[in-house]
Amino acid sequence: MTDDSTITHEAFKQFERDKFSLVAQEYDGALAKLTGGIASVTSQVDEAILDAVEAKCGIRLLDVACGTGWLSAAALKRQAIVTGLDFAEKMVDIAKERCPQGSFHHGDAENLTFESGQFEAVVCSLGILYRGSLKVCHKKWCGNSRFCNSGCRS
């Protein structure tokens, strides 16, 4: 008896995209009941992430897998110029509401379409859990990337 329960990478991404879109409205609220809110969980690392890339006034920053925009909001408080990207369209809608001063896009972190040299820093918080190897992501987002300038920090 053969159990071929493998799932392709693309099928898994589609499953994740669909589920995050489905729960987007309740995402922050559901975690609030368990943890005091997603912000109380992510805020524990937001400042450390932003410190690591030296996020400050005027830095052009890309928040990959931005979700509902909590890390982006923290970067905006530092007066960074924030662009957020998430593959769940409804998450992007919430991030736009949370951070009207940012620029948010629906898209795939594995197939970025930004202009060459557009960013000085790339960050990713909880979304890194869904992106496979950190080494592969770093190379894709910054290492040999055309959209990050030569001084890019991630």
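Modeller: A nonpolar core is a set of buried Ala, Val, Leu, Ile, Met, Phe, Trp, Tyr and Cys residues joined through side-chain atoms within 4.5 Å. Buried means under 20% relative accessible area, exposed over 50%, partly exposed in between (1.4 Å probe, protein chains only). This is a predicted model: local features need pLDDT of at least 70, side-chain atom pairs count only at pLDDT 80 or more, and totals for chains, interfaces and linings use all residues. Residues are numbered from 1 along each chain as its sequence is written, and side-chain values use heavy atoms, without hydrogens and water.

Biologist: Which helix gives the most to the largest nonpolar core?

Modeller: That core has 19 residues; L50, V53, A55, L61, A75, V82 and F104 touch the most other members. α3, α4 (89-98) and β4 (119-123) each supply at least two of its residues. Helices (H or I, at least four residues) and strands (E, at least two) are DSSP runs, numbered from the N terminus. With five residues, the top contributor is α3.

Biologist: How many residues of α3 are buried?

Modeller: The helix spans residues 70-77 and is mostly covered. Its buried residues are L71, S72, A73, A74, A75 and L76. Of eight residues, the buried count is six.

Biologist: Why is C66 in no disulfide with C99?

Modeller: A disulfide is a pair of cysteine sulfur atoms within 2.5 Å. The whole structure has zero. C66 is buried, at 7% relative accessible area, and C99 is buried too, at 1%. The closest cysteine sulfur to that of C66 is in C99, too far for a bond because the distance is 8.4 Å.
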